Amino acid sequence: MIYDPQEYAIQDEPMQPFISEKEIWDVLEQNKGDSGLVREIIQKSLSKQRLTLQETAVLINTKDPELIREIKEGAQRLKANVYGDRIVLFAPLYVGNLCVNNCTYCGFRVSNRDQKRTTLSKEELIREVEMLEDTGQKRLILVFGEHPNYNAEFIADTVSTVYGVKKGRGEIRRVNINAAPLDVDGFRTVKQAGIGTYQVFQETYHRGTYSKYHTSGIKRDYDNRLTSLDRAQEAGIDDVGIGALLGLYDWRFETLALIRHVNHFEAVYNVGPHTISFPRLTRASNALENEQYRLTDQDFTRMVAILRLAVPYTGLILTAREPANIRKEVMRYGVSQIDGGTRIEMKGYSENRKIQDINSEQFEINDNRTLNEVMEELIQEGYIPSFCTACYRLGRTGEHFMEFSVPGFIKRYCTPNAILTLAEYLEDYAPSITKENGYKLIDRTIGEYDDMEFKSKLVERLNLIKAGERDLYF
Ligand code: SAM
Ligand code: SF4
C-alpha cells in the first residue's frame with residue numbers, strides 16, 4: 001500500500017487523513033499581509049514557484065481592490081508564461097444517470113422522482129460519439145452516476161467502445177472519466193482501458209457540510225472519497241483530477257483545502273494532480289438552493305487567479321456551468337481547459353434539443369454555444385484552441401514527466417501540437433470564415449518562431465495535414 005492514512009494522520013485529529021479543518025482555518029486566520037507581502041508572493045509565483053498554504057491564505061485574505069487587481073494581473077502574466085496562448089478543448093458525455101446516492105444539490109440523486117433515468121445502450125453511445133466526432137471533438141470526459149451497474153468493467157467497456165468509434169476523419173483520442181470512486185482493482189481495470197484523467201471531486205472538504213449535503217448512499221463516506229485518488233495512484237493511475245463544488249461552504253476554506261490536497265499528492269507521489277475543477281453550483285431538478293455560500297462573480301474570478309498563482313503547473317478546468325462572459329474573463333487569469341459544444345442531457349448530442357430539459361440532466365448549464373462558436377471566440381481572442389493528446393499517448397504523464405520541467409517544452413511541443421490539431425479542425429469541420437481566421441492565427445504564431453530548423457519541421461507537418469494526413473504530433 002503506497003498511502004497509509006495513519007502515517008499521514010494529523011496530530012490533533014489522529015484518525016483523519018490529510019485534511020484538518022483546524023489547520024485550514026488557523027492558516028486562514030493567521031496569514032494576512034500588507035501590500036509588500038502580497039506583491040512578494042505574486043513575484044514568487046511569477047518565478048514559477050509553488051505557493052505555500054500560508055502564502056495562498058495571504059492572497060485569499062487580500063481585500064484591497066488595487067491588490068486584487070494586481071493578483072489578477074499576476075495570474076494573467078503567469079498563465080501566458082506557463083501555458084502560452086493555448087486552451088485545451090473537450091466535451092462531456094453523460095453515459096448514465098442512475099444513482100444510489102442522495103447529493104441534495106444534484107438532479108441525479110436517487111430521491112428525485114422527476115429525473116428521467118437512462119443508461120445509453122451501446123448503439124446510443126456510438127451514436128452520441130459519432131455526433132461529437134462530426135463536430136470535431138477529439139477529447140471526451142465520460143460522466144456516470146454512482147450505481148452498481150456502472151462498475152469498473154462497465155466503465156472500461158464504455159471507454160473501449162468510445163475509442164472504437166471512427167466516423168469519417170473523426171476519432172476520440174483521449175477519454176477522461178468523472179465517476180464514482182473505485183477500489184484499487186477497479187482503478188486497475190479502467191486504467192487498462194486506456195483512460196486519460198480520472199476525476200473525483202470532494203465537493204466540500206468541510207466534514208460537517210459534507211454530511212449535510214450527502215444524506216444517504218455510498219457517497220456519505222467522506223474519507224472513502226477523500227482517499228479515492230490515492231487508490232487510483234496505487235493502481236497506477238498517475239493522472240488524476242481533484243475538485244470542489246463551490247457554493248456548499250466557504251470558498252476561502254475550499255480553496256485552501258484544494259491546495260492542501262495538492263500538497264498531499266506532491267508529498268506522497270512526487271507529482272500533483274493533473275487538474276483542478278471548481279464548478280459553481282447551478283440550478284438542478286428539485287435540488288436544494290443555498291444562498292449562504294453562493295459565490296459572487298467577483299470572488300469567483302479572484303479565486304481562479306489565486307489558484308493559478310498558487311499552483312502554476314496544475315491544469316485548471318472551467319465548464320459550461322459558467323456563462324460565456326465569465327468563461328472569457330477567467331480564461332485570462334488561468335483556466336487552461338474548457339468544454340465546448342456541451343450538451344449534458346442524456347442523449348443530448350444526438351437529440352440536440354434547443355431547450356434544456358432539467359429533468360434529464362444533472363444540472364443546468366449556462367453556455368449553450370456550439371463548438372464552432374466557442375472556437376471562433378477563442379481564435380478572435382488570440383487563443384489557439386487545442387485538441388492535443390500527445391503527452392498522454394506518448395506516456396509523458398505523472399512523476400516521470402512534468403511538461404513544465406523541460407525547458408522550452410511548451411514552445412517545442414504544446415504550441416505546435418495545438419497548431420496541428422487546430423489545422424485538422426479547420427480542414428475537416430470549420431466553416432470558411434473560421435478557417436480563414438484560424439489560419440491567420442496559425443501563420444502569426446508560426447511567424448514568431450525564431451528557431452528556423454524547428455519552424456520548417458512544423459510547417460512541413462502543417463502542409464501534410466493540409467494534404468490530408470491526420471494525427472501528427474511532436
Ligand atoms: N456521480 C459521480 C460523483 O458524484 O462523483 C460523478 C460525478 S457527477 C456526475 C459530476 C460532478 O458534478 C459532481 O462531482 C459535482 O461536483 C457536480 N455537480 C453536481 N450537481 C451540481 C450542480 N447542481 N451544479 C454544478 N455542479 C454539480
Ligand atoms: Fe449521484 Fe454524483 Fe449526482 Fe451525487 S453528484 S447524486 S453521486 S450523480
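A residue counts as near a molecule if one of its heavy atoms lies within 4 Å of it. By that yardstick, the residues around ligand 2 are Cys99, Asn101, Cys103, Cys106, Phe108, Arg109, Gly145, Lys219 and Gln362. The model is a predicted one, so local features need pLDDT of at least 70 and side-chain atom pairs count only at pLDDT 80 or more, while totals for chains, interfaces and linings use all residues. Residues are numbered from 1 along each chain as its sequence is written, chains are lettered from A and ligands numbered from 1 in the order in which they are written, and side-chain values use heavy atoms, with hydrogens and water left out.

Back to the ligand. Sorted by class, its shell holds four nonpolar, three polar and two charged residues. Here Ala, Val, Leu, Ile, Met, Phe, Trp, Tyr, Cys and Pro go down as nonpolar, Asp, Glu, Lys and Arg as charged, and the others, Gly among them, as polar. The space that ligand 2 takes up is the largest cavity. A cavity is a set of points, on a 1 Å grid over the protein atoms alone, where a 1.4 Å probe fits but cannot get out; a molecule sits in one if more than half of its atoms lie within 2 Å of the grid points.

Next comes the nonpolar interior. In soluble globular proteins, nonpolar side chains tend to be buried together. The largest nonpolar core in this model has 145 residues, and Ile177, Tyr198, Tyr205 and Phe278 have the most contacts inside it. Its largest share, 10 residues, is supplied by helix α11 (residues 251–269). A core of this kind is a set of buried Ala, Val, Leu, Ile, Met, Phe, Trp, Tyr and Cys residues joined through side-chain atoms within 4.5 Å. Buried means under 20% relative accessible area, exposed means over 50%, and partly exposed is in between (1.4 Å probe, protein chains only). Helices (H or I, at least four residues) and strands (E, at least two) are DSSP runs, numbered from the N terminus. Phe278 touches a long list of partners once residues up to four places away in sequence are set aside, including Ala244, Leu246, Phe300, Met303 and Val335. Contact here means heavy atoms within 4.5 Å.

The loop between α12 (297–310) and β9 (315–318) is home to Val311, and Thr314 is found in that loop too. Val311 is buried, at a relative accessible area of 0%, and Thr314 is buried as well, at 5%. Beyond its neighbours within four places in sequence, Val311 meets Arg50, Ile259, Val262 and Ile276. With neighbours left aside in the same way, Thr314 meets Tyr83, Pro273, His274, Thr275, Ile276 and Arg308. Thr161 is 150 residues from Val311 along the chain, and 35 Å separates their C-alpha atoms.

After β9, in the loop leading to α13 (324–333), sits Arg321. Arg321 is buried, with a relative accessible area of 15%, and leaving aside neighbours within four places it is in contact with Pro279, Arg280, Thr282, Phe363, Ile365 and Asn366. Its C-alpha atom is 8.1 Å from that of Leu281, a residue 40 places away along the chain. Gln115, in the loop between β1 (86–96) and α5 (122–135), is buried at 5% relative accessibility. Outside its neighbours within four places, Gln115 has contacts that include Asn97, Phe108, Ser285 and Glu361.

Two residues catch the eye for their backbone angles. Most residues other than glycine have a negative phi. Asn286, which is not a glycine, has a positive phi of about 50°; Lys347 also has a positive value, near 60°. Asn286 lies in the loop between β8 (275–277) and α12 and is partly exposed at 48% relative accessibility. Lys347 is in the loop between β10 (337–339) and α14 (348–351), and is partly exposed with a relative accessible area of 23%.

Finally, two glutamates sit in helices. Glu66 is in helix α4 (residues 65–83) and is partly exposed, at 36%. Glu66 and Ser35 are 31 residues apart in sequence, with 9.4 Å from C-alpha to C-alpha. Glu424, in helix α17 (residues 409–428), is buried at 3%. Leaving aside neighbours within four places, Glu424 is in contact with Lys138, Arg173, Ile465, Arg470, Asp471 and Leu472.

Note on methods:
1 Å grid on protein atoms, 1.4 Å probe; cavity = no way out; pocket = protein on both sides within 12 Å on 5 of 7 lines; lining within 4 Å.
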